[in-house]
Every structure is written in C-alpha cells, then in structure tokens.
Amino acid sequence: MRVRTLSARSRTGLLQFGPLRAPCAIGRGGLSRRKREGDGASPVGQYRLIEVLYRADRIARPVTRLPVRAIRRDDIWCDDPESAHYNRPARAPLAASHEKLWRDDHLYDVIVVLDHNRKPRVRGHGSAVFFHLARPGYTPTEGCIAVKLADMRRLLARAGRDTYMRIG
C-alpha cells in the first residue's frame, strides 16, 4: 500500500494498493521525515498494518485478514509523551492526555492501527497515527491517512498481516 502526495505542499494524496487507487487525506502539516508530537504531519516511512478497530453500532464488521476488534465507549489512545501509556491504547478514565476512539463524528468508524513509533516507542515522536475515514472533501488530518468508507472496505478486503503502508 503506497501513499503519495500530489506536491510537497499538498494535504491530499493518492493511495495505491495493487490495482486499487483511492484519493486520501494526509496531515495538515504535510509529510515529515522527523515526526513530532502535535506537528500535524503524516510520518514518511513504511508501517505495518496492526489491527482494525470499528464502531459495531454504526457499521458491519470489516472484511479483512487483519485482526478486528469492536471499539468500546471507554477506548482511548494516550498521546501524552510523559505517560507510561504513551502511544498505546488504554481505557478511560486516564489522567494523561488522550484521544477518544468512540467519536461523535464518523472518522473513527473504522481505524487501522499502524506500527508507527511502537517498537521502539520514542516519547515525543508521534502517537495515534492511524489509517481512518476521511472527512468530506478530504480535509487534512492531524497526521493520519484517511479515505472514504467505500475505499477503506475495498482496501481492507485485500489487506493482511503482511500488509505495509508506505507513506511518501
């Protein structure tokens, strides 16, 4: 799976996976080879697709060879570099800064967890970099890669444990 931008300043791109192509949104900070927490950039590199999380109350279980788990109301992702939970899933309540995975909008109706900054985990080098659903018009993300639901379904149907996303 490959993500390319249309230009160095672009906040949209093209995701290609074999014969499948889909427009995608990237981070508001563009692409970065030196990803930092809060910079809004999508990290350049190659990342394995770890697992799929989804809102079972909103959509059917995605068809894929990746591990799949339904999101719970108390699922969060820690984005506090000072926390022992940094760049890890957790359950609310958590005093450290975090992102709720159960959202009112539809961006996280499907989330694919990428192995960005996981092993080794470096504090401050970015957290919660996901492959998720795009807003209308493919407006920029906070550093993730995003596509529309129909494209996500087509891409996940081909994805497995050996699938990587190459950004940049």
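These are legends for a set of close-up views of one predicted protein model.

The model is predicted, so to speak of a local feature pLDDT has to be at least 70, and side-chain atom pairs count only at pLDDT 80 or more, while totals for chains, interfaces and linings use all residues. Residues are numbered from 1 along each chain as its sequence is written, and side-chain values use heavy atoms, with hydrogens and water left out.

**View 1. The whole chain has one helix and 14 strands.** Helices (H or I, at least four residues) and strands (E, at least two) are DSSP runs, numbered from the N terminus. The radius of gyration is 15 Å, close to the 15 Å that the globule rule gives for 168 residues, so the protein chain is as compact as a globular protein of that length. That radius is taken over C-alpha atoms, and the rule is 2.2 Å times the number of residues to the power 0.38. Along the principal axes, the C-alpha atoms fill a box of roughly 45 × 35 × 30 Å. Of the 168 residues, 48% are buried; buried means under 20% relative accessible area, exposed over 50%, and partly exposed in between (1.4 Å probe, protein chains only). Among contacts with a separation of 6 or more, 57% link residues 24 or more positions apart, a contact being heavy atoms within 4.5 Å. The accessible surface comes to about 8400 Å², and 49% of it belongs to carbon and sulfur atoms (Shrake-Rupley method, 1.4 Å probe; for residues, only the protein chains shown count as cover).

**View 2. Here is the largest nonpolar core, with 28 residues.** A nonpolar core is a set of buried Ala, Val, Leu, Ile, Met, Phe, Trp, Tyr and Cys residues joined through side-chain atoms within 4.5 Å. L15, F131, I145 and M165 have the most contacts inside this core. Among the elements that give two or more residues are β2 (12-17), β12 (130-133), β13 (145-147) and the helix α1 (149-158). The biggest giver is β6, with four residues. Apart from this core lies another, of 13 residues, including W102, I111, F130 and C144.

**View 3. I145 and its contacts take the centre here.** Leaving aside neighbours within four places in sequence, I145 is in contact with V3, L15, C24, A25, I26, S42, F130, F131, H132, M165 and I167. Two of these, M165 and I167, turn up again in the next view.

**View 4. The side chains of β14 alternate between two faces.** M165 and I167 point to one face and are buried, while Y164 and R166 point to the other and are not. Strand β1 (residues 2-5) pairs with β14 in the parallel sense over two bridges, and V3 stands opposite I167. Two strands count as paired if DSSP finds at least two bridges between them. β6 runs antiparallel to β14, and four bridges join them. In that pairing G45 stands opposite I167, and Y47 stands opposite M165.

**View 5. Follow β6 away from β14 and there are further partners to see.** Five bridges join β6 to β11, and the two run antiparallel; L49 stands opposite L114 there. With strand β7 (residues 68-70), β6 pairs in the parallel sense over three bridges. The bridge partner of Y54 in β7 is A70.

**View 6. A three-stranded open sheet runs in the order β9-β8-β10, with antiparallel pairing.** β9 (89-91) and β10 (98-100) stand at the edges with a single partner strand each, so one side of each is left without a neighbour in the sheet. From one strand to the next the twist averages 40°; axes are lines fitted to C-alpha atoms, for helices over the stretch in contact, and angles run from 0 to 180 degrees between N-to-C directions. Strand β8 (residues 75-78) and β10 share three bridges, with K100 in β10 as the bridge partner of I76. In the loop between β8 and β9 sits Y86, which is buried with a relative accessible area of 0%.

**View 7. L20, in strand β3, is the last close-up.** L20 is buried, with a relative accessible area of 15%. Setting aside neighbours within four places in sequence, L20 is in contact with L15, R154, L155 and R158. L20 and T139 lie 119 residues apart in sequence and 21 Å apart in space, C-alpha to C-alpha.
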